[in-house]
Amino acid sequence: MYELLRFLHVLSAMAYFLFHGAVASVTFALRRNPGPTRIEALSEVMRLAYIGAPIAGIVLVLTGIILGIMGRWWGDRWLWTSLGLLLTIGVLMNRLGKPYMTEWFARARNREAQARMPARAGFAGAIRELFFHPMFFALMGSVGLAVVLWLMMFKPL
Amino acid sequence: MHKWLVFLHVLGAMGFMLAHGGTTAMTLLLKRQRDLDHMRALLDLSRHSGPTFGVTLLLLLGSGITAGFTGHWWGEGWIWAALAILVGITVVMAWSSRAHYHRLRKLLGMPYFEGNKDRPALPPASEEEISAVQATLRPGLLAAVGFGGIVLIAWLMMFKPF
């Protein structure tokens, strides 16, 4: 039973990353100026990902919780650390990713508005450009994922 | 050392799935598109994930092959079966990419791959020709082969049944 749940946990993680990969590819595609027509196809990709990712995410979390109970790991710090890390990544992605998507979808749909948009100059502009970039999201997600995986496999705490 | 290799292998597998997100979305959505520009947007989405796909596949294969030696698994059947399934999936996907998706890229007036060479864009074909190729797409079958194969490989690796 435990092994089957672990198998399901791994499969749901795979599906979760597949759907997140679709979202990641859209975040990069938005910066290639897709234009008002092509943006509709990208919206459709987002809709597909927003259906699949939560389903996979729920299975992932549920199997993880049950595995934690069956393995008596809820008293171990590695489990809480990885959960905390996942939550932090989720909040950061939501706080940064959502406005990024809103802004770039609006830009692509309306090229006139894009031309009118003032560029933010100076240090604040540079910082915004750094944190408001798909490469930052990808780096944050990948490093976070690697640390969570390391915690789960090596159980160091 | 062995545990680190398995860690890298799992990390490579996760990255491989992430890199496939755009292509999977393209495969699932392309058949029902009627607007030619929508089709171009989806085909481009898939094309740009190529470098990440290559790096993660290298990490996945490199760590997997080395872990096979450090874990003394090359004498067992499951590892060969998993490798054979991976090769099988790759062959099906590569064939489908050439027979359908690069053909569509060509007809849509986009740069495409043919005869082992990257080719520049040609003038777009007629909508009838494009629709004819689009009708041959089998997204459900490809998804079943791709994800079904991954499920089988994961099962073989985790349960090592033979």
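A residue counts as buried here if 20 or more other C-beta atoms lie within 10 Å of its own, as exposed if 12 or fewer do, and as partly exposed in between, with C-beta atoms placed from the backbone. By that yardstick, 31% of the 162 residues in chain B are buried, and for chain A the figure is 24% of 157 residues. This is a predicted model, so local features need pLDDT of at least 70 and side-chain atom pairs count only at pLDDT 80 or more, while totals for chains, interfaces and linings use all residues. Residues are numbered from 1 along each chain as its sequence is written, and chains are lettered from A and ligands numbered from 1 in the order in which they are written.

**The two chains**

- Chain A has six helices and zero strands (helices are DSSP runs of H or I with at least four residues, strands are runs of E with at least two, and both are numbered from the N terminus).
- Chain B comes to six helices and two strands, and its elements run α-α-α-α-β-β-α-α from the N terminus on.
- The C-alpha trace of chain A spans about 60 × 35 × 15 Å along its principal axes; for chain B, the C-alpha atoms fill a box of roughly 55 × 25 × 25 Å, also taken along the principal axes.
- Two residues are in contact if their C-beta atoms, placed from the backbone, lie within 7 Å. Among contacts in chain A between residues at least 6 apart in sequence, 81% join residues at least 24 apart.
- In chain B, residues 24 or more positions apart make up 68% of the contacts with a separation of 6 or more.

**Where the chains meet**

- Chain A puts 31 residues into the contact and chain B puts in 32.
- On the chain A side, α1 (2-30), α2 (35-70) and α6 (134-154) each supply at least two residues, and α1(A) gives the most, with 16 residues.
- That side of chain A splits into 23 nonpolar, four polar and four charged residues (nonpolar means Ala, Val, Leu, Ile, Met, Phe, Trp, Tyr, Cys and Pro; charged means Asp, Glu, Lys and Arg; the others, Gly among them, are polar).

**The nonpolar core**

- A nonpolar core is a set of buried Ala, Val, Leu, Ile, Met, Phe, Trp, Tyr and Cys residues joined through C-beta atoms within 7 Å. The largest one has 50 residues, of which M14(A), F17(A), V45(A), M14(B), M17(B) and L42(B) touch the most other members.
- Elements of both chains feed this core: α1, α2 and α3 (77-109) of chain A, plus α1, α2, α4 and α6 (139-159) of chain B, each supply at least two residues. The most come from α1(A), with 13 residues.
- Leaving aside neighbours within four places in sequence, F17(A) is in contact with M14(B), M17(B) and L18(B).

**Close-up: α2 of chain B**

- Nine of the twelve residues of α2(B) are buried, so this helix is largely enclosed by the rest of the structure. Among the buried ones are H38(B), R40(B) and D44(B).
- The cover over those buried residues includes α1 and α2 of chain A together with α1 (2-30) and α4 (77-107) of chain B.
- The helix (residues 36-47) should span 16 Å, at 1.5 Å times one less than its number of residues, and its end C-alpha atoms are 17 Å apart, which agrees.

**Close-up: A53(A)**

- A53(A) is found in helix α2 of chain A and is buried, with 20 other C-beta atoms within 10 Å.
- Beyond its neighbours within four places in sequence, A53(A) is in contact with Y16(A), F19(A) and H20(A).
- S12(A) is 41 residues from A53(A) along the chain, and their C-alpha atoms are separated by 9.4 Å.
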